[in-house]
Amino acid sequence: MTRRPHNPETTLRHSSLASIPILAWLSVGVSLLIAFAFGPNSANAQTPVQQQTSSPILVLFDSSGSMWGKLPGNTSPKFALARRALTEQLERELQDRPSGLVIFGRSCQAATLEAPVARQTPKRLLRAIEDLNPRGKGPLGLALETAADTLPSGASADVILVHDGADNCRSDTCQLVDSIHQSHPGLRFHLLSIGLTDEDAAETRCIADKTGGKVFSADDAPSVAMAVSNLVANLTSRVPAKTSKTVELETPSQAEQPSAATPDMSRDNAGPSRIIATVQLAADGPAIAQPVSWTFSGLDGAEDTSKAAISITSKSGALTHRLAAGQYTVAADIDGLTVSEAITVPAKGAVRIKLPLQAGQLTLKTPGVTFDDGVTLTLSGQGSAGPLAARTITRETAPLILLSGAYTLTSHFGPLAKSTALTVKPGTKQTLTPFDGFGLLQIKMVDANGKYPSTPVETKIEADAPDKPSGRRLVTRSASASASHLLPAATYYVTVTVGGRTTTQQIAVPANTRVSRAFTLQAATLQPRVSLLPDGLGIRSGTPVVFTVEDLQSETAREVAWSSQASPSFPLKPGRYRISVRIGAHNVTATETLDVTASQNRTVMLKAAAAEISLKLEGQTVGRPTHRLWEVRTTDGEIIWRTNALRPNGLLAPGAYIVRCLTNQQILEGRFQVEAGTAQTIALVAD
């Protein structure tokens, strides 16, 4: 918020609390320190752990059946609220840091790395959650183990655990996290705990406490966005500023270069000393078309023994290259496969060699769906000499060169997985379509202005099922305004529900194609904006702002939309609504009731009165206490603010307040008055 000149610092002498047993207060204080350490300033209570800006972020996302549950104040399921808030808040953080996604749930043995750790946008990172259909149990312990298996033991990383309960697969998560912290001391687990019971919250808190992470809790829909905002702010505070580094490059080796003039290669026994080599899939086959890395070493018999090993790359498996006369070992490398042979280069003329790989070629095609849509392929196999190294493919590649053997290709797209067995023989070439017979259905919902709606959204895709009472069976569903579904070729019923309105279309999905359909919402558009009073005051960058919209048409107000964006846009059907905004983590709010008519594009300005408050301790007897617990209440006793920061600051609505600070030495208390538009420092001073 834009600062006005400071009012004179308010100094408060603490009132006597001698009648309250100090040990009882200390006991309460320790409990509150554990239970109420939150807010964007809570990270100030300890020195941030330093890490590199390139350290990864790994999201562990709960897909147990309880994630379809709702929170007070919204009709969207819990997993959709968490996904939307993470997508909005992680955009800036992921510009400098790689990220990955693990989805756990469905069963006690299910935890899958859906997005390998790499630099990517939040939309691509969280794409697998768009078609999520949560069910089954929640194996938190397995999720923690998967995070440790995914990240190197010496890595420094932030792991975000999104969950709505404790482990229900008989895993002792506290004991497990002790073991993980010993093997991976650089991993910090931060919990986004959604709608937990007190028992589950107490059982899971050790995951954060034992690894230096934090817990961010949300008990209703608006607080999900607030919790994610505070979580991301905590991640950002750990990242130091970038520093430049000078890297000294080694002097390139002076490998002998071929002559610019093309020598006469018509006769092998004439012309300069040279090698004519080909790499083939099998003996007597043609040269391969892929680039090859060549290495010529062992120059002990060459005319010039001062030269180091020579490394060159050819565009294909055919190579003609000048070499000094002598004895060499020639090695060719293609996609990690290496074949070599010892040769003697004559003093005049050429030596010819053929290097068979004893391998086959595999070409992968993905018509209708591409790697950019989120397809991931995993190739594992068994060769004659034992297991072959597994490969993960996340982008378009040239044809793959594979050693002969039996392979399994596992294709992933969101929750869909398909396995295909194949046999590779020397010299053979195969083409494989991983999702042959499937088509991609893209559903997009937009408002009258062509933008994604901010209201709760649900898409349900069904197929004909004569054996069902309704005549249809559910194939998949989504809570995203823009989602892609990979489906077997068929005709489907697509039902879209937005803001309480339902629309159904029958859509045919042919094999190996993509079909796109847009659902346009014929509704009014409400664009809320916020400012602080007095007019002209701004809101500091990074201050959490959450808007909510309630439908007042029925007897009981029902929330139909919310957003943590700074300038949201809500498509709404005509009617009467209450729009509210919450600024910061405390009691600064504003509300307005209005009528919305059809096809109306309306902007509403919400104005909230607030002051910026800083709290601190003064006095010789205060010293430097190890712990501090601040508590701000209204004069009616309502708790507004609790934090364990050393010197907290935040926004408060105008009014009279009581401030209390509990340290490991004493309890201080005072009263103060807040005026709109000011920046005040409240100092508690010990006598």
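This is a walk through the fold, from the whole chain down to single side chains and back out to sheets and helices.

Keep in mind that you are looking at a predicted model. The chain has 687 residues, and 49% of them count as buried. Its secondary structure comes to eight helices and 42 strands. If you take the contacts with a sequence separation of 6 or more, 69% of them are between residues 24 or more positions apart.

Let's start with the helices. Helix 6 and helix 7 pack with their axes 9 Å apart and at an angle of about 5°. An angle under 35 degrees counts as roughly parallel, and therefore helix 6 and helix 7 are roughly parallel to each other. To see where they meet, pick out T173, C174 and V177 on helix 6, then E203, C206 and I207 on helix 7.

Stay in this part of the chain for a salt bridge. The side chains of K210 and D178 come together at 3.0 Å, N to O. D178 belongs to helix 6 (residues 173-183), while K210 sits in the loop between helix 7 (198-209) and strand 7 (215-218), so the pair ties together parts that are 32 residues apart in sequence. Neither side chain is hidden away: K210 is partly exposed, with a relative accessible area of 32%, and D178 is partly exposed too, at 34%.

Now step back along the sequence to helix 5, which spans residues 140-150 and holds T146. Is T146 buried or exposed? Its relative accessible area is 12%, and the cut-off for buried is under 20%, so T146 is buried. What does its side chain find there? A polar atom of the T146 side chain lies 2.8 Å from the backbone oxygen of L142. Leaving aside residues up to four places away in sequence, T146 touches V102 and A111.

Back to charges. The structure holds 17 salt bridges, and two more of them are worth a visit. In one, R540 pairs with E612, with the closest N and O atoms 3.1 Å apart. R540 is in the loop between strand 29 (524-533) and strand 30 (545-551), and E612 is in strand 36 (residues 611-618), so this bridge ties together parts 72 residues apart in sequence. The two partners sit in unlike surroundings: R540 is partly exposed at 37% relative accessible area, whereas E612, at 4%, counts as buried.

In the other, D551 forms a salt bridge with R558, and here the closest N and O atoms are 3.8 Å apart. D551 counts as buried at 5% relative accessibility, while R558 is partly exposed at 33%. Elsewhere, salt bridges with shared partners link R97, D158 and R188 into one network.

On to the sheets. As a reminder, strands of a sheet pair through backbone hydrogen bonds, either parallel or antiparallel. Have a look at the open sheet of four strands, which has the order 10-9-12-13 and antiparallel pairing. Strand 10 (310-314) and strand 13 (337-345) are its edges, each pairing on one side only. From one strand to the next, the twist averages 20°. Inside this sheet, strand 9 (residues 292-297) and strand 12 (residues 326-334) run antiparallel and are joined by five bridges. If you want a landmark for that pairing, find F296, whose bridge partner in strand 12 is V330.

A second open sheet has three strands in the order 18-15-21, and this time the pairing is mixed. Which strands form its edges? They are strand 18 (400-403) and strand 21 (429-432), each of which pairs on one side only. Neighbouring strands here are turned by 30° against each other on average, direction ignored. Strand 15 (residues 359-364) pairs with strand 18 in the antiparallel sense over four bridges. For a landmark here, look at G360, which stands opposite L402 in strand 18.

Definitions and conventions: Residues numbered from 1 in each chain as written. Predicted model: local features only at pLDDT ≥ 70, side-chain atom pairs only at ≥ 80, totals over all residues. Heavy atoms only, no water. Helix = DSSP H or I, 4+ residues; strand = E, 2+ residues; numbered from the N terminus. Buried < 20%, exposed > 50% of the residue type's maximum accessible area, 1.4 Å probe, protein only. Polar contact = N/O pair within 3.5 Å; in protein donor to acceptor, adjacent residues only side chain to side chain. Contact = heavy atoms within 4.5 Å. Salt bridge = Lys/Arg side-chain N within 4 Å of Asp/Glu carboxyl O. Pairing = 2+ DSSP bridges. Axes fitted to C-alpha atoms, helices over the stretch in contact; angles between N-to-C directions. Parallel < 35°, antiparallel > 145°, perpendicular 65-115°, else oblique.
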